[in-house]
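Work through the exercises below with the model open. Each task is followed by its solution.

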Amino acid sequence: MTAQGVADIRELALRERRMALSDREWSHRLMGYGYRVIKTEAGAVICGFRDDEPLCTLPAEREAEKIH
């Protein structure tokens with residue numbers, strides 16, 4: 001995957017997180033794009049839904065950002 005591809009996925013995940021009202025909704029929104037989120041101690045990992053291939057990470061503090 002290219003650096004631009006990773007940046008696009010990260011931006012999508014963060015945008016969807018800002019719009020979601022809960023972690024559950026965020027997960028559901030990402031599934032609609034073919035991704036899934038796995039929580040780790042270091043933060044969230046965005047994976048492909050079908051193959052669980054890690055695509056990018058989100059640091060814990062960025063993952064928790066919400067703008068409403």
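**Exercise 1.** Which residue in strand 3 does Cys47 stand opposite?

*Solution.* Cys47 stands opposite Pro54 in strand 3. The model is predicted: local features need pLDDT of at least 70, side-chain atom pairs count only at pLDDT 80 or more, and totals for chains, interfaces and linings use all residues. Residues are numbered from 1 along each chain as its sequence is written, and side-chain values use heavy atoms, with hydrogens and water left out.

**Exercise 2.** Trace the strand order and the pairing of the sheet.

*Solution.* Start with the elements: strands (E, at least two residues) and helices (H or I, at least four) are DSSP runs, numbered from the N terminus. Next, the order: three strands form an open sheet, 1-2-3, with antiparallel pairing. Pairing takes at least two DSSP bridges between two strands. Strand 1 (35-40) and strand 3 (54-59) are the edge strands, each paired on one side only. From one strand to the next, the twist averages 25°. Finally, strand 2 (residues 43-48) runs antiparallel to strand 3, and five bridges join them.

**Exercise 3.** Place both helices against the sheet.

*Solution.* Contact means heavy atoms within 4.5 Å. Axes are lines fitted to C-alpha atoms, for helices over the stretch in contact, and angles run from 0 to 180 degrees between N-to-C directions. With strand 2 joined to strand 3 by five bridges, turn to the packing. Helix 1 packs on the sheet and touches strand 1, strand 2 and strand 3. Its direction makes about 50° with that of strand 3. Helix 2 also packs on the sheet, touching strand 1, strand 2 and strand 3. The direction of helix 2 makes about 140° with that of strand 1.

**Exercise 4.** How do helix 1 and helix 2 cross, and which residues meet?

*Solution.* Take the axes of helix 1 (residues 3-19) and helix 2 (residues 23-32): they come within 9 Å and cross at roughly 140°. The two helices are therefore oblique to each other. (Under 35 degrees is roughly parallel, over 145 roughly antiparallel, 65 to 115 roughly perpendicular, the rest oblique.) Now list the residues. Helix 1 offers Ala13, Glu16, Arg17 and Met19. They meet Asp23, Glu25, Trp26, Arg29 and Leu30 in helix 2.

**Exercise 5.** Where is Asp52, and what is its phi?

*Solution.* Asp52 lies in the loop between strand 2 and strand 3. That hairpin has five residues between the strands. Asp52 is not a glycine, yet its phi is positive, about 55°. Its relative accessible area is 35%, so Asp52 is partly exposed (buried is under 20%, exposed over 50%, partly exposed in between; 1.4 Å probe, protein chains only).
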